Amino acid sequence: MNSLSVEDKEAGYWKKEYIAKRIASVKAALAQVLKLVNPYTGLPAKTKEALRISGLGWVIILKEKSGKEHVMEHADLFINHSSVMVVWYSKNWPCLATLSTLDLCGVTPVLMDWHKPPIKNGPRWPSLVAKYSLSNLTDSTLVGCDRFVRIFHLNPGLLVGLWKRAEELAFVMANLHFHHLVEKSTLGSATLPYELPPHTPILDDSSEYGLHGYQLHVDLHSSGTFYLCSTFRNLFTKQGYIENGYVKLIVIHFQNSTEHLPLIGKVGLSWRTDVFDGCIKSCSVMDVTLLDEYGKPFWCFSSPVCMRSSANPSDGSYFVGPTYCIDYEDSTGTMHVELVWIEETEEYFIVSMVLYLSIAKINHWFGTQY
């Protein structure tokens, strides 16, 4: 007993040890579940099972300039083919003018029995996924609006809805791609996000290495309704398509009408609160998963997007009807989609889809020197 005396440990030591053991147990179980990779998507095959057995959820922490914090539990959650959409709304949002930042955190129950639902109000382990500034929210990218709200996009993947009349928070929507989602939401801490392991390039002597063998999967959706769900295989490009630090990868060609795709249904981004609901026309969420020739995720994102009128389509003389475009950009690349509205059938057709991939990312990923 002398060597194991409880009095030798500081107050709270055994509690911390117990919590650490529980968290380690959950992490080990998740690692096993996430090992199996779907050969068609390049993503873990059992992400939904991992979410279930871990009891993983997400909260947002609104921080005031004074230091006061407001922790908000999600109101809705939609699990899609390759992403999770998490929504928060409330009658009691803090005043927007007092807020400085928004932290998006994954939360995992510490006392988790995999055969039972998580204990309500039990201890949870937080993992910071992303931090956003709310100081100049209306200077962010305006995605769209309807008669009640305006919605703004904060990168990565966050959508903030403001009431038009009061310029106050109406709802918050986080769009989280499956790629490394469980790790980011469980393996970080309350103040530090999970740091991905460094990428090791697979070297090859081929001069075209890194420019061929891509596979792209694209979803356009809103709250469980899908407007597009398509996969494009064996995509490639040539060194002659490298310009201004980007390589052009054509997914859908203008001139090849057999590649053109319709969007199913009336495109719109659905939203709801405790009081009102609505649908913002021509907006949706885009999930993109681009795999390299080895089936490894090269570029993944889930982001709100909006169709905007295109004054200068790539080939305006080729089509009869109003033309629109969808654009997305981050540090890895740019995606440009062009659409035509067909009045007779009342549907949008995608007539062009082009990716512009960063040469810096390609060189880093494949160990090349383009």
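Two strands pair if DSSP finds at least two bridges between them. The model shown in these close-up views is predicted.

**View 1. Four strands make an open, antiparallel sheet.** The order is S12-S11-S18-S19. Strand S12 (225-235) and strand S19 (297-306) stand at the edges. Each has a single partner strand, so one side of each is left without a neighbour in the sheet. From one strand to the next, the twist averages 10°. Inside the sheet, strand S11 (residues 214-222) pairs with strand S18 (residues 283-291). Their pairing is antiparallel and runs over 7 bridges. Leu216 has Leu290 in S18 as its bridge partner.

**View 2. Helix H4 lies across S11 and S19.** H4 spans residues 359-366 and runs at about 150° to S19. The helix is mostly covered, with 6 of its 8 residues buried. Those buried residues are Ile359, Lys361, Ile362, Asn363, Trp365 and Phe366. They pack against S11 and S19. They also pack against strand S13 (242-243), strand S14 (246-252) and strand S23 (347-358).

**View 3. The largest pocket holds about 1300 Å³ of space.** Its lining counts 46 residues. His179, His180, Lys184, Leu196 and Cys300 lie nearest the centre of the pocket. Strand S6 (124-133), strand S10 (169-177), H3, S19 and H4 each give two or more residues to the lining. S19 makes the largest share, 7 residues. By class, the lining has 25 nonpolar, 15 polar and 6 charged residues.

**View 4. The structure holds 1 cavity of 30 Å³ or more.** The volume of the largest cavity is about 70 Å³. Its lining is made by Arg22, Ile23, Val26, Lys27, Leu30, Thr108, Pro109, Val110, Trp125 and Thr186. Helix H1 (13-33) and strand S5 (99-109) each supply at least two of these lining residues. H1 gives the most, with 5 residues. The lining divides into 6 nonpolar, 2 polar and 2 charged residues.

**View 5. Strand S5 is mostly covered and pairs with S1.** Of the 11 residues in S5, 11 are buried. S1 and S5 pair in the antiparallel sense over 8 bridges. In that pairing, Trp58 stands opposite Gly106 of S5. S5 also pairs with S6, again in the antiparallel sense, over 9 bridges. Here Pro109 stands opposite Arg124 in S6. Pro109 is also one of the residues that line the largest cavity.

**View 6. Ser100 is a buried residue of strand S5.** Its relative accessibility is 18%. Buried means under 20% relative accessible area, so Ser100 counts as buried. Neighbours within four places in sequence are left aside in what follows. Ser100 is in contact with Lys63, Glu64 and Lys65, among others. Its contacts also include Tyr132, Ser133, Leu134 and Ser135.

**View 7. Helix H2 (residues 47-54) has buried residues under several elements.** The buried residues are Thr47, Ala50, Leu51, Ile53 and Ser54. Their cover includes two helices, H1 and H3 (181-186). It also includes strand S1 (57-64), strand S3 (76-79), strand S4 (83-89) and S5. Gly55 follows H2 and has a positive phi, near 70°.

**View 8. A cis peptide bond joins Asn155 and Pro156.** Omega is about 5°. Pro156 sits in the loop between strand S8 (149-154) and strand S9 (158-163). Most peptide bonds are trans.

**View 9. Asn234 and Glu346 have positive phi values.** Most residues other than glycine have a negative phi. For Asn234, phi is near 55°. Asn234 is found in strand S12, one of the edge strands of the open sheet. Asn234 is exposed, with a relative accessible area of 65%. For Glu346, phi is near 50°. Glu346 has its place in the loop between strand S22 (333-342) and S23. Glu346 also counts as exposed, at 56% relative accessibility.

Definitions and conventions:
Residues numbered from 1 in each chain as written. Predicted model: local features only at pLDDT ≥ 70, side-chain atom pairs only at ≥ 80, totals over all residues. Heavy atoms only, no water. Axes fitted to C-alpha atoms, helices over the stretch in contact; angles between N-to-C directions. Contact = heavy atoms within 4.5 Å. 1 Å grid on protein atoms, 1.4 Å probe; cavity = no way out; pocket = protein on both sides within 12 Å on 5 of 7 lines; lining within 4 Å. Points joined across faces, edges and corners; volume = space filled by probe spheres on them. Nonpolar A, V, L, I, M, F, W, Y, C, P; charged D, E, K, R; others polar. Buried < 20%, exposed > 50% of the residue type's maximum accessible area, 1.4 Å probe, protein only.
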